[in-house]
Structures are given as structure tokens and as C-alpha cells.
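Me: Please pick one helix in this model and take me through it closely. I want its shape, its buried residues and the parts around it.

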Amino acid sequence: MRIAFISDMHGNAVAFEEVVKDLEDQSPDAVVCLGDIVMKGPQPKECMNLLNSLKPISVIRGNHEHLYTRYQKGSNPNSFKDILTSESIKYDQQYLSIKEQEWLSNLPENETLTFSDRKIDIFHASPKSLNEVIFPWAPIEDVDKLYLESTSDFSFYGHVHHAFVRNSTYRTIVNAGSIGLPFDKDNRASYAILDIGTKGSSVQLRRVQYNVEKAINIAYDRKMPFAHMFEYALRKAEYPYIEQLFSSATDQ
Ligand SMILES: [Fe+2]
């Protein structure tokens, strides 16, 4: 049994198209999506269509889907993060129907899947939060504490946009990385395949090259807000949502 875990497309359909082709070659038995399908990239609608074409057996909610029907500006509504988020929501609302946005914002927050007696927890950021940040280099004691209530063999998540596989004390923890916006200094799209065999299991982290220039051009052509941050992220595979980059755009 081979299961593909995809995550964090973030409206980058150029990257997602190449992953779909790679999935056709890999032909897993099932596809699972860990959230953040839309927002921050120029092609949310196309990403929805690509996801549907894969007929995923499970799709869970990312923090970006969560925002659609629940977003409230913070205590400082003029902070650059609030402006970024509200502009991103407005941009995606041009492309996604109300029905699609409601579907996205009401996806389940986590699930436990069972294949061949192996239990797999899936969630976007942490077992109890859509926003918690658990980096690959977190101390193992801290990671273990997060999973005290689980008896799973595997946990798969996304959110931090860093692909990794790690053994904690009781289970294997996998981050599928990000298809549309990797932040681990490798700008190829990332996803994971779990292979559950009769003699044991293995995890493969796959990286897929795609046309970065094409994705950047679509963002500028569609006048996506803060397209320069998207460009920065795609070229460098680094987190772009920093005040310095925001100010450089608003100063112009
Ligand atoms: Fe994300």
C-alpha cells in the first residue's frame, strides 16, 4: 500500500501540475491532502481543480482555509501581517466561489487513517492547533509531548514548509513539505510517499522541479498583492513574510 501525502500548494498551480504528473508516474494507491491548498499564490482555483482531479481519500483544513469564514483583524489591524492576510483573502475571493470557500473552511482539522493495521494521524500543524509551529529541529522531548494522547504509528503534517522524516520516541513523524512555497532552501515542490509493506514501512520525500519563472509571471500578470514576496519565496525557498520585504513594497 502506497499513500502520497501532499500539502501547502498555496495557489501555486504551476508547481502542483508537475507534482500531479509525478504522481501519475508514481501511481500511489491513495492521495491525502494536509491543507493550505490556497492563499499566497496566484492560482487558487486551478489548485482546487488539480486537487479534485487526484480524488484524494482525505483532505484536512490548513490555517489558510480556516481564515475564510473566521478571519478577524488582530489588535493592531494595520500591522503588515493583517494587511497581507486580508489582501490575500480578497484576492482569492475573486477566484473561488462562496461554496468552495465554505467547503475549504469547514474541512476536518485532523483525522486518523488506518491501512494494513498501521495507524496514521494527519493534521496541518500540530495535533491540537492549525497554527503551532514544529520545526524539524525541535527538541525530541517537546515533540513527544505533542503526541501523548495518540497511539499512531505515523504522524503526517505540513504547515512549516520544511520536508523531513524523524523518529520520535513512539512513532515516525513526517512533514510532507510544501508544493507551492517550500521554505527549506530547496525550491522544488515537495511531497511524501509512505509505503506500507508486509516486512516494514518506508517514507520517501520527493522533490519535483517546475517552471518557477512561469509561476512568478502569472502572479505579476494577475496583479496578485505582494507578488514580490511570492517571487522571493519561489527563488530562494525562504520565508518571505517579513516586515522588511513588506515595507520595500509600500515605500514604492
Ligand atoms: Fe502553509
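Reply: Start with the labels: helices (H or I, at least four residues) and strands (E, at least two) are DSSP runs, numbered from the N terminus. The model is a predicted one, in which local features need pLDDT of at least 70, side-chain atom pairs count only at pLDDT 80 or more, and totals for chains, interfaces and linings use all residues. Residue numbers run from 1 along each chain as its sequence is written.

The helix to look at is H1, residues 13-26. H1 holds 14 residues. From its first C-alpha to its last, H1 reaches 19 Å. That is close to the 20 Å expected at 1.5 Å a residue (the expected span is 1.5 Å times one less than the number of residues).

Now see what is hidden. A residue is buried if 20 or more other C-beta atoms lie within 10 Å of its own, exposed if 12 or fewer, and partly exposed in between, with C-beta atoms placed from the backbone. Six names in H1 are worth finding: Ala 13, Val 14, Ala 15, Phe 16, Glu 17 and Val 19 are buried. Their packing partners include three strands: S1 (2-6), S9 (189-196) and S10 (201-208). Helices H2 and H7 (212-221) also pack against the buried residues of H1.

Take H2 next. H2 covers residues 44-53. The axes of H1 and H2 come within 9 Å and cross at roughly 15° (axes are lines fitted to C-alpha atoms, for helices over the stretch in contact, and angles run from 0 to 180 degrees between N-to-C directions). So H1 is roughly parallel to H2, as angles under 35 degrees are called, while over 145 is roughly antiparallel, 65 to 115 roughly perpendicular and the rest oblique. The crossing of H1 with H2 is left-handed: the near helix is turned anticlockwise from the far one by less than a right angle, whereas clockwise would be right-handed.

Which residues make the contact of H1 with H2? H1 supplies Ala 13, Phe 16, Glu 17 and Val 20. H2 supplies Glu 46, Cys 47, Leu 50 and Ser 53. Contact here means that the C-beta atoms of two residues, placed from the backbone, lie within 7 Å. By class, the contact has five nonpolar residues, one polar and two charged (Ala, Val, Leu, Ile, Met, Phe, Trp, Tyr, Cys and Pro count as nonpolar, Asp, Glu, Lys and Arg as charged, and the others, Gly among them, as polar). Ala 13, Phe 16 and Glu 17 appear in this contact, and Ala 13, Phe 16 and Glu 17 are also among the buried residues of H1. The spacing fits a general rule. An α-helix has 3.6 residues a turn, so residues three or four places apart point the same way.

Asn 49 belongs to H2 too. Asn 49 counts as exposed because it has 12 C-beta neighbours inside 10 Å. Asn 49 and Ala 13 are 36 residues apart in sequence, yet 9.4 Å apart in space, C-alpha to C-alpha.

Go to the other end of H1. Gln 26 lies in H1. With 14 C-beta neighbours inside 10 Å, Gln 26 is partly exposed. Gln 26 touches Ala 4 and Ile 193, leaving out residues up to four places away in sequence. Ala 4 is 22 residues from Gln 26 in sequence and 9.1 Å away in space, C-alpha to C-alpha. Just after H1, Ser 27 has a positive phi of about 35°. Most residues other than glycine have a negative phi.

Finally, follow H7, which packs against the buried residues of H1. H7 has a helix partner of its own, H8, residues 227-236. Their axes come within 9 Å and cross at roughly 170°, so H7 and H8 are roughly antiparallel. H7 brings Val 212, Ala 215, Ile 216, Ala 219 and Tyr 220. H8 brings Ala 227, Phe 230, Glu 231, Leu 234 and Arg 235. This contact has eight nonpolar residues, no polar and two charged.

Ile 216 is a good place to stop. Ile 216 sits in H7 and is buried, with 21 C-beta neighbours inside 10 Å. Not counting neighbours within four places in sequence, Ile 216 is in contact with Phe 230, Glu 231 and Leu 234. Gly 41 is 175 residues from Ile 216 in sequence, but 9.1 Å away in space, C-alpha to C-alpha.
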